[in-house]
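Let's take a friendly walk through a protein model, from its inside to its charged pairs. Have the 3D view open while you read.

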Amino acid sequence: GPCTECSCSSGKGPDKDPCHTKKKENGDRLCVPKIFFGTRTHKQITQISRELKRTAYSYVPMTILSSRDYTCIHPMVSNSSNRNEMCVELLEGKHGRSCSYYHGVHKLVEHHTLQPAPGMCQAWDIEDLVCLGRKLRACPYFAARELMMGADIVFCPYNYLLDPQIRDTMDINLKDQVVILDEAHNIEDCARESVSYGVTESQLRAAREELDLMVSNSIRQQQHEPLRAVCCSLV
């Protein structure tokens, strides 16, 4: 059926996502799209999930994707200046340590308050998830990502949908899905930020010196000369 091509949301394929594969009358599998709702800031997600809570759809399976800055609860990692790197190191067990919160993700994902149940007020917000994560000693960051598999609505900041690198990291596949962008007039700035990079003059000078060294030692001269020219002209 058509569902073989439509990988239901998260690059993991339809088979692991029974909730989003409905049978059509003629036996074909019909792929139900997810709604990706992008906002400019994390704060706006809080407002929108509050609004969702007040509607008849408050029990619809949902998730909120956000950065470790908002959802990491590991005492050491959450206080570090580079949470992403430190988290990856812990998960790889680089220094013989691991993250017990990560290993408790299932406790959070399977918790009854996050399971869709008609008639119950289910819509939640980042704070609710973090609060529950602390109680259960389970990682909200990875739980939110796992909940994306069965979610009908996925809330996230714009750049998660616009930036190909973040989409890739987060396993977001937008093919055949519904995308809603709140206050879309901000998209241009966000897109510009996603492909921009800041560099200081001292970094440029250091790069130029290294490139000088490469060129003078005939190391990949063809590749390094144009780069050096760019550095020189910028400096």
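What follows covers a cavity, a nonpolar core and some salt bridges.

Keep in mind that this is a predicted model.

**The cavity**

How many cavities of 30 Å³ or more does the count give? Just one cavity of that kind turns up. The largest cavity holds about 110 Å³ of space. Its lining is made of 14 residues, and Cys72, His74, Cys87, Cys99 and Cys139 are the ones nearest the centre.

Which helix gives the most to this lining? That's α3, with three residues. Helices α3 (83-92), α4 (100-103) and α7 (140-147) each chip in at least two. Sort the lining residues by type and you get 12 nonpolar, one polar and one charged.

**The nonpolar core**

In soluble globular proteins, nonpolar side chains tend to be buried together. Here, the largest nonpolar core has 43 residues. Met62, Phe155 and Ile172 are the members that touch the most others in this core. Helix α7 supplies the largest share of the core, five residues.

Have a look around Met62. Leaving out residues up to four places away in sequence, Met62 touches Leu52, Ala123, Trp124, Leu147, Ala151, Ile153 and Phe155.

**The salt bridges**

Side chains of opposite charge can pair when their charged atoms come close. Searching the whole structure turns up nine salt bridges. Here are some of them:

| Salt bridge | Closest N to O distance |
|---|---|
| Glu183 and Arg40 | 3.9 Å |
| Glu188 and Arg192 | 3.0 Å |
| Asp189 and Arg192 | 3.1 Å |

Start with Glu183 and Arg40, which form a salt bridge. Glu183 sits in the loop between β6 (178-181) and α10 (187-194), while Arg40 sits in the loop between β3 (35-39) and α1 (42-53), so this pair ties together parts that are 143 residues apart in sequence. Glu183 counts as partly exposed, at 34% relative accessibility, and Arg40 is partly exposed too, with a relative accessible area of 44%.

Now slide along to helix α10. Glu188 and Arg192 are four residues apart in this helix, so about one helical turn separates them. Asp189 and Arg192 are three residues apart in α10, which also means a separation of about one helical turn. Together, Glu188, Asp189 and Arg192 are linked in a network of salt bridges.

Is Glu188 buried or exposed? Glu188 is exposed, with a relative accessible area of 56%. Its partner Arg192 is partly exposed at 45%, and Asp189 is partly exposed at 43%.

Notes
Residues are numbered from 1 along each chain as its sequence is written. This is a predicted model: local features need pLDDT of at least 70, side-chain atom pairs count only at pLDDT 80 or more; totals for chains, interfaces and linings use all residues. Side-chain values use heavy atoms; hydrogens and water are left out. On a 1 Å grid over the protein atoms alone, a cavity is a set of points where a 1.4 Å probe fits but cannot get out, and a pocket is an open set with protein on both sides within 12 Å along at least five of seven lines; lining residues have an atom within 4 Å of a point. Grid points are joined across faces, edges and corners, and a volume is the space filled by probe spheres set on the points. Ala, Val, Leu, Ile, Met, Phe, Trp, Tyr, Cys and Pro count as nonpolar, Asp, Glu, Lys and Arg as charged, and the others, Gly among them, as polar. A nonpolar core is a set of buried Ala, Val, Leu, Ile, Met, Phe, Trp, Tyr and Cys residues joined through side-chain atoms within 4.5 Å. Buried means under 20% relative accessible area, exposed over 50%, partly exposed in between (1.4 Å probe, protein chains only). Contact means heavy atoms within 4.5 Å. A salt bridge is a side-chain nitrogen of Lys or Arg within 4 Å of a carboxyl oxygen of Asp or Glu.
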